[in-house]
Amino acid sequence: MGHRVNVLIDIDRSHNIMQPCLAKHLQLRITLTPSFLVMIGDGNHIYCTGLCPQVSLTMQSHAFLLPFYQVSFHGADLALGI
């Protein structure tokens, strides 16, 4: 069963990130990680709180299995780093 989410594709991001509330809503397995600071687009730093190691994501009929770090940010549900 699928859920629609807003995805930001960010060429300046090195990792994929997901809103923690989305991971909780989707009941994804979250691996606790040592907390580390992440710099966001406006230059502020926020903490990463965990990792969802294998999230199934389908965009325009293409399926991906991707890791997502848990970071609270504004503007989208997911951000894909490329």
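This report covers confidence, nonpolar cores, pockets and selected residues of one predicted model.

**Confidence**

The chain has an average pLDDT of 88. A score of at least 70 is reached by 99% of the residues. Strand β6, residues 62–70, has the highest confidence, at 94. Confidence is lowest in strand β3, residues 36–39, where the mean is 83.

**Nonpolar cores**

Ten residues are listed for the largest nonpolar core: M18, L22, A23, C52, V55, L57, L66, F68, L78 and L80. Four elements each supply at least two residues of this core: α1 (20–25), β5 (50–59), β6 and β7 (78–81). The largest share comes from β5, with 3 residues. A second core is separate and has 7 residues, among them I17, C48, F73 and A76.

M18 belongs to the largest core. Neighbours within four places in sequence aside, its contacts are A23, L28, V55, F68, Y69, Q70, V71, F73, D77 and L78. Of these contacts, A23, V55, F68 and L78 are listed in the largest core as well. F73, also in contact with M18, is a member of the second core.

**Pockets**

The two pockets compare as follows.

| Pocket | Volume | Lining residues | Nearest the centre | Top contributor | Lining by class |
|---|---|---|---|---|---|
| Largest | about 380 Å³ | 15 residues | G2, H3, S56, L57 and T58 | β5, 5 residues | 11 nonpolar, 4 polar, no charged |
| Second largest | about 240 Å³ | 13 residues | D12, R13, S14, V38 and M39 | β3, 4 residues | 7 nonpolar, 3 polar, 3 charged |

β5 thus appears twice: it gives the most to the lining of the largest pocket, and it supplies the largest share of the largest core. L57 is in that core and is among the residues closest to the centre of the largest pocket. No charged residue lines the largest pocket. The lining of the second largest pocket includes 3 charged residues. The strand that gives the most to the second largest pocket is β3, where confidence is lowest.

**The loop between α1 and β3**

L32 and Q27 both sit in this loop. L32 has a relative accessible area of 70%, so it counts as exposed. Apart from residues up to four places away in sequence, L32 touches T49 and G50. L32 and C52 are 20 residues apart in sequence, and their C-alpha atoms are 8.9 Å apart. C52 is a member of the largest core.

Q27 is exposed too, because its relative accessible area is 73%. Its phi is positive, about 55°, although Q27 is not a glycine.

**A second positive phi**

Most residues other than glycine have a negative phi. Q60 is another residue with a positive value, near 50°. Q60 lies in the loop between β5 and β6. Its relative accessibility is 76%, so Q60 counts as exposed.

**A buried aspartate**

Where does D10 lie? D10 is in strand β1, residues 7–10. Is D10 buried or exposed? D10 counts as buried because its relative accessibility is 17%, and the cut-off for buried is under 20%. Setting aside neighbours within four places in sequence, D10 is in contact with L80, G81 and I82. Of these, L80 is listed in the largest nonpolar core.

Notes:
Residues are numbered from 1 along each chain as its sequence is written. This is a predicted model: local features need pLDDT of at least 70, side-chain atom pairs count only at pLDDT 80 or more; totals for chains, interfaces and linings use all residues. Side-chain values use heavy atoms; hydrogens and water are left out. pLDDT is the predictor's confidence in each residue, from 0 to 100. A nonpolar core is a set of buried Ala, Val, Leu, Ile, Met, Phe, Trp, Tyr and Cys residues joined through side-chain atoms within 4.5 Å. Buried means under 20% relative accessible area, exposed over 50%, partly exposed in between (1.4 Å probe, protein chains only). Contact means heavy atoms within 4.5 Å. On a 1 Å grid over the protein atoms alone, a cavity is a set of points where a 1.4 Å probe fits but cannot get out, and a pocket is an open set with protein on both sides within 12 Å along at least five of seven lines; lining residues have an atom within 4 Å of a point. Grid points are joined across faces, edges and corners, and a volume is the space filled by probe spheres set on the points. Ala, Val, Leu, Ile, Met, Phe, Trp, Tyr, Cys and Pro count as nonpolar, Asp, Glu, Lys and Arg as charged, and the others, Gly among them, as polar.
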